[in-house]
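Work through the exercises below with the sequence and the model open side by side. Each task is followed by a worked solution.

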Amino acid sequence: MTTQEWKFTAKEIAEKPDLFLAGHRACAGCGPATVLRLIMKATRGPTIVTEATGCMEVVSSIYPYTSWAVPWLHTAFETAASNASGIEAALKIMRKKRRISQEHVDVIAFAGDGGTFDIGFQALSGAVERGHDFLFVLYDNEAYMNTGIQRSGGTPHGAATTTSPAGTVIPGKLEYKKPIADIMVAHGMPYVATASPYYWKDLMTKARKGLEVEGPAFLHVFAPCPRGWRSNPTKSIEYSKLAVESCIFPVWESVNGHCKLSTPSRLVALAPQKKKPVADYLKGQGRFRHLFKPKSKQLLEEIQHITDERWKCLLKKCGESKTSV
Amino acid sequence: MQKTVKQKMMALAGDQAVAYAVKQSDVDVVAAYPITPQTIIVEKFSEYVANGEVETEFVCVESEHSAMTASLAASVTGARTFTATASAGLALMHEMLFVTSGCRAPVVMAIANRALSAPLNIHGDHSDSMAQRDSGWIQLYAENAQEAYDSIIQAFRIGENLNVLLPVMVGLDGFTLSHTLENVEVLPDETVKEFVGVRKFPDVLTHNGKTAPFRLDPANPMTMGPIALQNYYFEFKRQQEEAMEHAVNVIQQVNSEYAKISGRSYGNGLIENYRLEDAEVAAVCLGSTAGTMKTVVDGLRQNGVKAGLLRLRTFRPLPVEEIRSAVANVKALAVMDKCISFGGNGGPVFNAFRHLLYEEANHPHIVNYIYGLGGRDTSPSDLRSIYETLQELLQTGHVEKPIRYLGLRS
């Protein structure tokens with residue numbers, strides 16, 4: 001079944017059995033758990049999943065229980081992509097030698113921001129360079145949440161974490177979020193996309209495209225974490241909408257290097273007056289609380305400025321620069 | 001006795017002999033990264049791939065960490081998997097070695113044994129693999145290129161044995177063996193293919209209540225490498241130790257089965273005793289040093305010295321009972337370590353021997369020789385001096401300095 005045939009209607013999704021099963025121990029309001037469930041609903045056939053050490057791995061595989069209705073492998077923190085490399089290589093040769101029955105098996109690697117931006121980056125870059133046929137999903141909750149909210153290369157500028165606390169001298173993380181999806185595009189890989197779970201259909205379609213493309217695919221998914229963000233667990237999906245509307249986390253895709261805004265962000269591009277201020281997204285999250293103190297005014301403005309600059313840059317890349325600013 | 005098969009003589013360096021054995025062993029996946037003195041293995045194997053001589057998926061990874069990870073992942077997917085490394089490469093794999101044995105993935109790995117930095121040194125010693133002593137891997141050490149070839153083939157049978165299911169590393173001394181041309185007798189392709197067979201899997205209970213082969217298979221979903229906490233982790237580890245205990249027998253069986261087809265065996269597969277039956281003074285060593293040592297022993301015997309040698313082929317699992325009975329009549333024993341265990345009161349092999357002899361009523365005097373670090377040459381006269389010291393020791397009856405350094409600049 002191709003992407004075009006698969007409509008991802010609510011009815012069809014509801015009827016399709018879950019592959020990431022209930023009973024896992026994720027926190028209330030966990031963004032990544034929703035992301036994984038939706039992506040697993042978007043799979044097309046026999047699938048093997050591998051995960052980096054991290055939140056989703058520990059909540060879903062506490063022996064002797066499992067939330068996985070598909071074959072699943074975890075080995076270490078930095079190894080999601082090298083696991084996928086080994087699995088894919090094994091499947092390829094075993095199929096050739098007729099030692100497995102399936103004609104094709106999809107391979108998905110899930111990793112958090114730590115396992116992607118930081119410790120897992122080398123293995124990811126290597127696996128993509130080698131061209132293994134797999135989908136790498138980054139569920140980005142913007143810090144090392146499993147170990148207790150430490151900053152990562154994916155933590156945004158200004159966010160307070162336990163290793164970048166908002167102190168009297170230093171106002172949270174000073175560095176900027178690594179543009180990981182752009183870096184993956186620069187690898188010359190066939191498919192890269194960003195997605196956010198509020199736009200569930202967009203997310204699922206992109207996951208499916210990533211599986212269908214031959215060769216490596218990379219999906220960067222925004223995944224709110226109420227525990228780490230010090231946010232209301234009932235607001236996770238709302239934040240995943242605000243992040244797109246404020247252009248903090250625009251959604252787009254790159255097919256063979258051709259970059260295109262996805263509908264939710266394209267709508268913002270077409271109606272710039274609807275673009276929300278970043279403050280709308282930041283307020284209410286405890287990790288950004290300090291930004292709303294009078295002395296942080298400049299930092300808040302800086303975040304708005306950087307967001308605007310990155311948005312302009314993206315519009316240009318997507319051929320939308322004339323549409324709006 | 002079964003007649004051995006007709007074999008071909010080839011001039012091969014140790015690394016080439018390893019690559020040739022891998023070529024013949026119906027290996028599905030090789031994931032490797034180059035490092036001196038292992039490079040010839042991956043280079044030679046790449047040629048086999050490029051020339052279509054093997055049905056193997058070769059994954060030329062970006063680091064040894066990924067080499068071990070991809071090997072492990074391929075292995076649990078069901079592939080027969082091989083990799084090779086040395087020194088810093090093995091050190092970089094360290095984390096994943098434990099995961100591989102913990103996942104019960106029978107990956108086979110050749111180690112062209114080499115010193116660890118700093119200072120940087122590319123030559124042979126056992127620091128690299130000894131540092132991985134407790135990683136849950138079976139460790140075999142080859143005396144020559146012939147044994148490296150034979151051991152790789154055997155390693156697949158040992159590791160994949162359903163009562164074992166552990167990864168196996170085969171050590172060959174860097175440069176001394178890896179880069180030195182020897183005459184190596186190789187078995188016909190079909191003989192090796194038959195000997196290693198097609199990989200089998202144990203049936204295990206899946207979480208949908210069925211039993212299915214232990215591998216990642218969409219037809220029978222299994223969760224591998226889960227998190228296991230205080231209530232289960234310990235049992236997993238104890239099972240690995242049981243597998244090591246089983247390996248003691250399996251290594252011996254495979255050694256004798258292999259002898260039937262090839263005519264070659266290495267002691268009982270665990271230890272090789274050389275003129276040890278009536279020896280009063282004996283040495284223990286691993287790897288290529290044994291070749292020189294055997295010549296030294298022969299010379300001493302001609303002079304009436306009751307000298308012997310125990311070559312430890314299998315360091316993990318440590319063949320405790322076999323060693324105890326082999327040295328039962330030895331009066332003075334020198335244990336050689338091509339490795340230093342800083343602050344450890346002797347090298348790893350020495351400490352293993354001293355502890356296993358502790359409960360023996362008439363245990364021999366025992367001394368440790370640290371030697372050959374960073375490829376420092378060890379001459380026959382150096383080795384002869386060990387036996388001279390042991391003989392003196394028999395006269396005086398006590399050991400003044402139990403930890404000694406051989407060939408060290410004073």
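Two strands pair if DSSP finds at least two bridges between them. Helices (H or I, at least four residues) and strands (E, at least two) are DSSP runs, numbered from the N terminus. Residues are numbered from 1 along each chain as its sequence is written, while chains are lettered from A and ligands numbered from 1 in the order in which they are written. The model is predicted: local features need pLDDT of at least 70, side-chain atom pairs count only at pLDDT 80 or more, and totals for chains, interfaces and linings use all residues.

**Exercise 1. The hairpin**

Find how many residues lie between β7(A) and β8(A), and which turn residue has a positive phi.

Solution.
- Step 1: β7(A) and strand β8 (residues 258-261) of chain A are antiparallel, joined by 4 bridges.
- Step 2: Together β7(A) and β8(A) make a hairpin, with 2 residues between them.
- Step 3: In the turn, Asn256(A) has a positive phi of about 50 degrees.
- Step 4: Take one bridge pair: Glu253(A) has Lys260(A) in β8(A) as its partner.

**Exercise 2. The sheet**

Trace the order of the strands in the open sheet, and say which are the edge strands.

Solution.
- Step 1: Start from the hairpin and move inward. Strand β5 (residues 191-195) of chain A is joined to strand β7 (residues 252-255) of chain A by 3 bridges, running antiparallel. Here Ala193(A) stands opposite Glu253(A).
- Step 2: Continue to strand β3 (residues 106-111) and strand β4 (residues 135-140) of chain A, which pair in the parallel sense over 4 bridges. Ile108(A) faces Leu135(A) in β4(A) as its opposite residue.
- Step 3: Cross to the other chain. β2(A) runs parallel to strand β11 (residues 223-224) of chain B, with 2 bridges. Leu73(A) stands opposite Met224(B).
- Step 4: Assemble the order. The open sheet has 9 strands, β8(A)-β7(A)-β5(A)-β6(A)-β4(A)-β3(A)-β1(A)-β2(A)-β11(B), and its pairing is mixed.
- Step 5: The edge strands are β8 of chain A and β11 of chain B, each pairing on one side only.

**Exercise 3. The interface**

State how many residues of chain A are in contact with chain B, and which element supplies the largest share of that side.

Solution.
- Step 1: Fix the criterion. Two residues are in contact if their C-beta atoms, placed from the backbone, lie within 7 Å.
- Step 2: Count. 41 residues of chain A contact 39 residues of chain B.
- Step 3: List the contributors on chain A. β1 (47-51), β2 (72-74), α4 and α6 (121-130) each supply at least two residues.
- Step 4: α4(A) gives the largest share of this side, 12 residues.
- Step 5: Sort by class. This side of chain A has 21 nonpolar, 15 polar and 5 charged residues. The classes are Ala, Val, Leu, Ile, Met, Phe, Trp, Tyr, Cys and Pro as nonpolar, Asp, Glu, Lys and Arg as charged, and the others, Gly among them, as polar.

**Exercise 4. Two residues of chain B**

Are Asp28(B) and Ala91(B) buried, partly exposed or exposed?

Solution.
- Step 1: Set the cut-offs. A residue is buried if 20 or more other C-beta atoms lie within 10 Å of its own, exposed if 12 or fewer, and partly exposed in between, with C-beta atoms placed from the backbone.
- Step 2: Asp28(B) has 25 other C-beta atoms within 10 Å, so Asp28(B) is buried. Its place is the loop between α1 (14-24) and β2 (29-32) of chain B.
- Step 3: Check its contacts. Beyond four places in sequence, Asp28(B) touches residues of both chains, including Ala90(A), Ile93(A), Met94(A) and Thr81(B). Asp28(B) and Thr81(B) are 53 residues apart in sequence, but 6.0 Å apart C-alpha to C-alpha.
- Step 4: Ala91(B) has 17 C-beta neighbours inside 10 Å and therefore counts as partly exposed. Ala91(B) sits in helix α4 (residues 87-102) of chain B.
- Step 5: Leaving aside neighbours within four places, Ala91(B) is in contact with Leu116(B), Asp128(B) and Ala131(B). The C-alpha atoms of Ala91(B) and Asp128(B) are separated by 6.8 Å.
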